[in-house]
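Trainee: I would like to learn how to read strands and aromatic rings in a model. Please take me through one case.

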Amino acid sequence: SKLRLNVPPMVFSGATVKCSHLAVLKQIINVTAGASPRERSLNGRLMSDKLRDDRIAKLEKIKALSIDPWGRRYEPTAPIADIRGMYHDERPVPGVKVVGRMIANRRQGKLGFINIQDRTGIIQGMMRLDALGEEAYSLYKLLDVGDIIAIEGELGTTRTGELTIFAEKLIIMSKSLRPMPEKYHGLRDIEIRYRQRYLDLISSEESRRTFINRSLIIRHIRKHLDDDGFIEVETPMMHTVAGGAAAVPFTTHHKALDLDLFLRIAPELHLKRLLVGGLERVYEINRNFRNEGISQRHNPEFTMLELYQAFGDLDVMMDLCEALVSGCAQAVMGTMKVTCDGQEIDLSPPWKRIDYADALEQYAGIDFRDEAAVMEAARKHNIPTDGLSTIEAADKVFGVTVDHNLVQPTFVLHHPSALSPLSKVLDDDPEIGIRFEAFIGGIELANAYTELNDPLEQAERFKNQSGGDPGALDGDFILALEHGLPPAGGMGIGIDRLAMILLDKQQIRDVILFPLLRPES
């Protein structure tokens, strides 16, 4: 039961390591604590390869017992959480079946205890030679932490009161050929958590709960909108014109049509076409792609809720935004008061409202129309201004001076119309768009307009925005508007950012199962 490794001095500074199979990785980490990153990486690969070889040898022994190590369909009695609720009044429950991953194994002679985990929880199993029989117990001795198994037996408690399945039958479902993450500390290497999310989910209850809750957030949003008369739709992810937002698109090429296309940066223009067609309340929970930076709050591929309501306006969208976000908090977290980055946030409606110009004056001390003041503020905050208009530079200043101060839920209203080419403008000031951005915890969460439905004005704005380039105009969208777009309110909410706020995560990668990473060399 002992493994002796003799490895090159360049790797372990001459150390010879002797330890049990289950402690190999921990011992190697201790020995190489002072090694360079390259040496630690090499050490880890050597250990992983050796443990894999050991497990493959066990796999062959299992096959030699005429046992299929890869399993078949299996119907457990219930999920583990439900099984745990079956025991009451100290009366054993016979014939209980459970299936899951073995995450702990403590064996001594003819008796062993294991922990099995499924998507709902963990339960202990007792493995006795006299109860299982020689063949099944021989299989048990060849199991490793990480194997997926099923056990069947009586549900009861041990002398110490631990709820346990006293196994009478053992079935292997899948032999794990790689070691599990160290069980008490999970994945310390943050990059591995993102690259090998499956290991993160296996080892971290918090991570599993995060993604279950993210799913519940989306479920609540769908139910709320469905109950409110909205219908869920799907729009194209490949566009001939990159429209609906100011962003840099990803490009691709369709071979059959010999056509360059853009991955969707926003579904807005297609969803508005549906309003023209008479679908008066529509929404899409969609994937968008923007060929821009990666940061704590940005991933090139992200999830948005985008919705439109005919005969609505900005006030309707504010009410709906408050209801959706506070409702998600209550439904998933059980409260409208959540903690985000150490600060308690009350999501209860109504939320604070402040004009864009007032916020910029309060936190940056400038008027967005004052070119000299705006450019001076931009220089002060090391914002490059080459090629930026005064309004664009002011918005950059807004981002670094105002955003982080908007901790409690806040609607920032009435942005410059130059920043809002798809929104209507105020009757008494055409330089101001009827728009809001919602901020929570210093994070921009939502963006909404009273939608522009004048096709002539929209065409003119598109021309100005594109510098007169006809190839940058979505002519079919203007054609749709000319058939009549009803007055409407529209809104987009970042699902990833909403999950960050409600689940108290500071990195967007912590709420995306498979965030984009640079390939390993």
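Mentor: We will go through a sheet and then some ring pairs, keeping in mind that this is a predicted model.

Trainee: In what order do the strands of the open sheet lie?

Mentor: A sheet is read by strand neighbours. Here eight strands run in the order S8-S12-S13-S22-S21-S20-S17-S16, with mixed pairing. Strand S8 (231-232) and strand S16 (352-355) are the edges, each pairing on one side only.

Trainee: In which sense do S20 and S21 pair?

Mentor: Strand S20 (residues 435-440) and strand S21 (residues 443-450) are antiparallel, joined over six bridges. For one of the residues, Arg435, the bridge partner in S21 is Tyr449.

Trainee: Which helix lies across S16 and S17?

Mentor: That is helix H12 (residues 356-364), which runs at about 85 degrees to S16.

Trainee: How many aromatic pairs does a search of the whole structure find?

Mentor: The search finds seven. Planes over 60 degrees apart count as edge-to-face. Tyr356 and Phe368 have ring planes at 70 degrees and centres 6.0 Å apart, so their pair is edge-to-face. Tyr356 sits in helix H12 and Phe368 in the loop between H12 and helix H13 (371-380), 12 residues apart.

Trainee: Are Tyr356 and Phe368 buried or exposed?

Mentor: Both are buried. Together with Phe398 and Phe439, Tyr356 and Phe368 form one aromatic cluster.

Trainee: What kind of pair do Phe462 and Phe477 form?

Mentor: A tilted one, with 40 degrees between the planes and 6.2 Å centre to centre. Phe462 is in helix H15 (residues 455-466) and Phe477 in helix H16 (residues 475-482), so the pair ties together parts 15 residues apart in sequence. Phe462 and Phe477 are both buried.

Methods:
Residues are numbered from 1 along each chain as its sequence is written. This is a predicted model: local features need pLDDT of at least 70, side-chain atom pairs count only at pLDDT 80 or more; totals for chains, interfaces and linings use all residues. Side-chain values use heavy atoms; hydrogens and water are left out. Two strands pair if DSSP finds at least two bridges between them. Helices (H or I, at least four residues) and strands (E, at least two) are DSSP runs, numbered from the N terminus. Contact means heavy atoms within 4.5 Å. Axes are lines fitted to C-alpha atoms, for helices over the stretch in contact, and angles run from 0 to 180 degrees between N-to-C directions. Rings of Phe, Tyr and Trp (its six-membered ring) pair if their centres lie within 6.5 Å; planes under 30 degrees apart count as stacked, over 60 as edge-to-face and the rest as tilted. Buried means under 20% relative accessible area, exposed over 50%, partly exposed in between (1.4 Å probe, protein chains only).
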